[in-house]
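Hi everyone, thanks for coming. Please have the sequence and the structure open while I talk, and stop me whenever you like.

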Amino acid sequence: MNEKSQNGDVVELNLPDYIEEQNAIPDVETESSFAENKEEIYIRNRKLAAEESYIQMKTAHENSRPAVKMPSAEKVDTVGKKFRRKLEAIFCAAIVAIVAAVTLIITASGNGTDAALEEADEKARSVFSSSGAGLVNLYISGTKVEGNTFENDGTVFTFGNSKTDVANFLRDDFSGYVYGEFDFSDNGAGVTYTLWSAEPIPDEYKRVLTDSEQEALAKQGIIIGCYPSRR
């Protein structure tokens with residue numbers, strides 16, 4: 001039997017030897033090694049297939065989720081500016097509200113003081129006419145009146161050294177403290193000015209007060225009406 005070699009030459013083979021070689025019993029160690037290699041290849045192929053399947057599933061899952069876009073630095077800065085502007089607006093609004101509240105309190109306080117002074121001046125005017133009427137009664141009665149100041153104890157007014165009740169000439173709601181000056185002589189009698197206050201009148205203010213003095217005292221909580229008063 002002839003067979004061509006790899007270089008094309010014809011090689012003569014011994015047929016019995018060739019058949020015997022082909023039918024020879026394979027080496028046990030060789031077969032065992034081949035089986036082990038085959039098992040390792042099988043296991044490795046299964047691992048590779050499993051890994052490839054896992055990668056495909058993971059990729060498909062990630063592709064199915066919506067992409068999350070991270071805000072750009074410019075957008076983050078814009079949001080920060082808007083937030084700062086809102087805080088500034090809130091802060092400015094709070095300042096404006098505080099200023100408005102303080103202004104309202106001051107205005108209300110001023111209005112309340114003005115109203116209290118107006119009421120005190122009106123009561124001083126009422127006392128001026130009432131005390132004048134009482135002083136004239138003393139003059140008509142022939143009572144000798146000495147001094148030039150008067151005060152009160154309720155509706156009883158004391159002119160110098162003489163007293164007279166002027167309740168009939170006062171308003172029904174009369175109360176408070178009175179001080180004033182008068183002139184009394186053989187030629188006639190008359191009241192010069194009067195003061196009125198809901199509280200006892202300090203000696204240093206027992207005189208004709210100007211409007212500015214009344215306002216300054218009112219800021220200290222001292223309300224004194226004066227009639228007539230000086231500008």
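Let's start with a warm-up: does Val136 count as buried, partly exposed or exposed? At 36% relative accessibility, Val136 counts as partly exposed. Before going further, please keep in mind that this is a predicted model.

So where does Val136 sit? You will find Val136 in helix H3. Together with Tyr139 and Ile140, Val136 makes a nonpolar surface patch of about 270 Å². Tyr139 counts as partly exposed, at 31% relative accessibility.

Tyr139 is a good bridge to my next topic, the aromatic rings. The model has eight aromatic pairs by the rule used here. One of them is made by Tyr139 and Phe184, whose ring centres are 5.6 Å apart. How do the two rings face each other, stacked or edge-to-face? Their planes are at 70°, and planes over 60 degrees apart count as edge-to-face, so this pair is edge-to-face.

Have a look at where the two partners come from. Tyr139 belongs to helix H3, residues 73-140, while Phe184 belongs to strand S6, residues 177-185. The two are 45 residues apart, and the pair links distant parts of the chain. Phe184 is buried, with a relative accessible area of 19%. The cut-off for buried is under 20%, so Phe184 falls within that class.

Here is another pair to find: Phe157 and Phe174. Their ring centres are 6.5 Å apart and their planes are at 50°, so this pair is tilted. Phe157 lies in strand S4, residues 156-159. Phe174 lies in the loop between strand S5, residues 162-165, and S6, so the pair ties together parts that are 17 residues apart in sequence. And Phe157 counts as buried, at 0% relative accessibility.

Which residues do ring pairs link into a cluster? They are Phe150, Phe157, Phe159, Phe174 and Phe182.

Now rotate the model to Ser131, which is in helix H3. Ser131 is buried, with a relative accessible area of 0%. What does Ser131 touch, leaving out residues up to four places away in sequence? Its contacts are Phe150, Phe157, Phe159, Val191 and Thr194. Phe150, Phe157 and Phe159 are names you just heard, because ring pairs link them into the cluster.

There is another serine worth a stop. Ser162 is in strand S5, and counts as buried at 9% relative accessibility. The side chains of Ser162 and Asn161 are joined by a polar contact of 3.3 Å. Not counting residues up to four places away in sequence, Ser162 touches Leu138, Thr143, Lys144, Val145 and Phe157.

Let's move on to charges. How many salt bridges are there? By the rule used here, the count comes to five. Lys123 and Glu119 form one of them, with their closest N and O atoms 3.7 Å apart. Both residues lie in helix H3, four residues apart, which is about one turn of the helix. Their surroundings are worth comparing: Lys123 counts as buried at 16% relative accessibility, whereas Glu119 is partly exposed at 46%.

Glu213 and Arg207 form a salt bridge too, and there the closest N and O atoms are 3.1 Å apart. Glu213 is partly exposed, with a relative accessible area of 27%, and Arg207 is partly exposed as well, with 33%. Elsewhere, salt bridges that share partners join Glu151, Asp203 and Lys206 into one network. Within that network, the side chains of Asp203 and Lys206 meet at 3.1 Å, N to O. Asp203 is exposed, with a relative accessible area of 60%.

My last stop is Arg171, in the loop between S5 and S6. Arg171 is partly exposed, with a relative accessible area of 36%. Its side chain makes a polar contact of 3.1 Å with the side chain of Asp173. Which residues does Arg171 touch, not counting those up to four places away in sequence? They are Glu122, Lys123 and Ser126. Lys123 is the salt-bridge partner of Glu119 that we met a moment ago. Finally, try finding Arg171 and Ser130 together: they are 41 residues apart in sequence and 9.0 Å apart in space, C-alpha to C-alpha.

That's my tour. Thanks for listening, and I'm happy to take questions!

Technical notes. Residues numbered from 1 in each chain as written. Predicted model: local features only at pLDDT ≥ 70, side-chain atom pairs only at ≥ 80, totals over all residues. Heavy atoms only, no water. Phe/Tyr/Trp six-rings, centres within 6.5 Å; stacked < 30°, edge-to-face > 60°. Buried < 20%, exposed > 50% of the residue type's maximum accessible area, 1.4 Å probe, protein only. Patch = residues over 30% accessible without salt bridge, like charges linked within 9 Å, V, L, I, M, F, W, Y side chains within 5 Å. Areas by Shrake-Rupley, 256 points an atom, 1.4 Å probe, with all protein chains shown as cover. Salt bridge = Lys/Arg side-chain N within 4 Å of Asp/Glu carboxyl O. Contact = heavy atoms within 4.5 Å. Polar contact = N/O pair within 3.5 Å; in protein donor to acceptor, adjacent residues only side chain to side chain.
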